[in-house]
Each structure stands twice: as structure tokens, then as C-alpha cells.
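Hi,

Here is the structure I promised to pass on to you. Have a look at it first, and my notes follow underneath.

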Amino acid sequence: MSHLLPIEVEAVCQLNGPRDAECARGSLACCPELAVDSWGVCRPEIQLADAHVYLSTIAVPHTLAQLVPIRPAPPARIVEVGCGDGALAAALATVGYDVTGVDRNAAMAESASRRGVRVLQADIKDVAGEYDVVLFTRSMHHAENLHDTLAHAATLLAPDGQVIVEEFAWEPVDDAAAAFVYGHRAELVAAGLLDADHPSEQLLDAWIAGHQTLHTGSAMLDAIGRIGVNLITSDTSILWRLVDGRGGTWTVPTTQAGQALNAMRDTEEDLIATGELPSVGLLASVHC
């Protein structure tokens, strides 16, 4: 049974027309010709030429909502490990957190800095200071040594501080989940929203080949549980965030990509609820 979405690109309002009610609310449904800020809010002053589409930007409201039950209240000090272009860090700062971003990639660190994020170009193991939260956002699976990385993260925490991890476990992906990811990728490419390669081999084989060098979800949870107490975990949807793959390029403004991805996320969550897809995303928190 196919669970692919009919992709439609809808222009709700134009640059030369009046801003409608959706635009006034800052909805992702508005202004496909304009860029949006880290909250997904319409920003007429940003030109399309600068509107590179980042999945992290589109996903920020979803991530913020997931963090609400486990994050401390502002103005807690948060260091985000693998902050990328700073979309989430900027959003957390906007709601009152004292945020420092860390990324090893110079270009990403520069992008985060341009957003106004205080950022360190470094490996987390080279960072010093004291924080209330060390937040890993889809970066732990790349750690050279899970135990060393988390042991150092624990040394950065104030008393009763937290390590919070947003990640994905690649190993539960089955044929249905692989078909979900690559099938939607093909649909987005056919609709002209995304430029990305489609696997030539069996889809599950392609998934395994592309992810087997990463840490598994079970290994990450085991390492997290060893550094502190009161481990809390929850399953989340995340396949929709992996649809563009490594090297995929979005060919439309953020709002149009956002419409398709939000619909894909809703479908994924429905299929998880009915048992037709495994839950691949994970959220974990531990006090140290």
C-alpha cells in the first residue's frame, strides 16, 4: 500500500500582492517567494537569493515543541552540540535561553554567527565552561567515541544539569520505512522541489549502506544512561527530516518545502500510531 503524498506547490501570496491572514500570522503557508526566519516567520526583508533551504529551519518549531517537557526554564544556559547554521540555537535564544552553539564545521559556525548566535568552532571535547544543558541535536551519531564525548559533556554541567539528545536510530528501519523515505524523495524530485539521487539498489540495502557507519540508537542510549540518572526517553518521527539525503538540494523557497515536509511528518506520525512504520526518532534526557 502506498503512503506517498500528492505533492502540490501552492503560491498563497505574491511579492506584488497584499499579505493575507496567513502571512500576518507568520505561517509557513505564506509568501513562497520570501525567506523565513528561524521560527518559520515570513521575513520580507530577506531576498530569495539568500533563502537557502535548511531542513533545520523548517523543523525548528517541531524540535522546540518536543523539548518543552524536558528542558529547564529560561534563562538556563544551553550549549548546543552540532548547531549547524544556528536555526535552533537562535530560536532558543529568542525565548530567553542563554545559548552557545558549537560546530566543528567552519562554514556552519559562520552561518550560525550571522544569525546572531554565540558560536564556537570546535569539537565539544575541546569546549570548557559551565552550562545547565548540553544539547546534542542529531550530532551524537557522528561522535568518534560516544563514551568519551558524553563523559566530557557531563563535566560541562552545573549541579543537576542535563544532557539532552535529539537523534535517530537507523537500525529499526525496515522495508516499509525505507520505502517511505525514498518514495517521498522521488515524489519531491518529480514535483521539482528537490534535487537528489535515487538509490539504484534495493531501498533497504541503500539505507543500511548509507547509515551503517553511524552509531546505532541502542548504543547511544546505552552511553547516555551510563553518565547520569533519571534517564527519560521518548520515540519521535524523524524520517521526514531525512528525505533529502546527503547532498540533496532544495530547489524552492523554505515555505514550499515546508508544506510538503509538514504533510510528510503528519503521515509518518499516523503510520507510527497504526504500527505500519517503526519509530526511528528518539529523544533522551539524563541528569548528571
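The crossing of helices α5 and α8 is right-handed. This is a predicted model, so please read everything below in that light. Helix α5 covers residues 146–155 and helix α8 covers residues 217–225; the two pack at an angle of about 40°, and their axes lie 9 Å apart. On the α5 side, the contact is made by L146, H147 and L150, which meet A219, M220, D222, A223 and I224 of α8. Sorted by character, the residues of this contact are six nonpolar, one polar and one charged.

Helix α5 also has a place on the sheet: α5 lies across β6 and β7, and runs at about 145° to β7.

On to the sheet itself. It is an open sheet of seven strands with mixed pairing, in the order β5-β4-β3-β6-β7-β11-β9. Which strands are at the edges? These are β5 and β9 (229–236), each of which pairs on one side only. From one strand to the next, the twist averages 15°. As a general reminder, the strands of a sheet pair through backbone hydrogen bonds, in either a parallel or an antiparallel way.

I spent some time on β4, residues 98–103. Is this strand mostly covered or mostly open? It is mostly covered, with five of its six residues buried. On one side, β4 pairs with β3 (residues 77–81) in the parallel sense, over five bridges. Within that pairing, I78 stands opposite V99 of β4. Between these two strands the chain passes through helix α3 (residues 87–94), and this β-α-β crossover is right-handed.

Strand β4 is also joined to β5 (residues 118–121), by four bridges, and these two strands run parallel. Here T100 has R118 in β5 as its bridge partner. The connection between them uses helix α4 (residues 106–114), and β4, α4 and β5 together make a right-handed β-α-β unit.

Finally, some backbone details that you may want to look at before you set anything up:

- The peptide bond from P74 to P75 is cis, with omega near 5°. P75 is found in the loop between α2 (55–67) and β3.
- R138 is a residue other than glycine with a positive phi, near 55°. R138 lies in the loop between β6 (131–137) and α5. With a relative accessible area of 23%, R138 is partly exposed.
- D160 is a residue other than glycine that also has a positive phi, near 60°. D160 lies in strand β7, residues 157–168. Why does D160 count as exposed? Because its relative accessibility is 56%, and the cut-off for exposed is over 50%.

If you would like a place to begin, I would open the view on the α5 and α8 contact, then turn to β4 and follow the chain through α4 to β5.

Happy to go through any of this with you whenever it suits.

Best wishes

Definitions and conventions. Residues numbered from 1 in each chain as written. Predicted model: local features only at pLDDT ≥ 70, side-chain atom pairs only at ≥ 80, totals over all residues. Heavy atoms only, no water. Axes fitted to C-alpha atoms, helices over the stretch in contact; angles between N-to-C directions. Left-handed = near helix turned anticlockwise from the far one by under 90°. Contact = heavy atoms within 4.5 Å. Nonpolar A, V, L, I, M, F, W, Y, C, P; charged D, E, K, R; others polar. Buried < 20%, exposed > 50% of the residue type's maximum accessible area, 1.4 Å probe, protein only. Pairing = 2+ DSSP bridges. Right-handed = clockwise from strand over helix to strand, strands pointing away.
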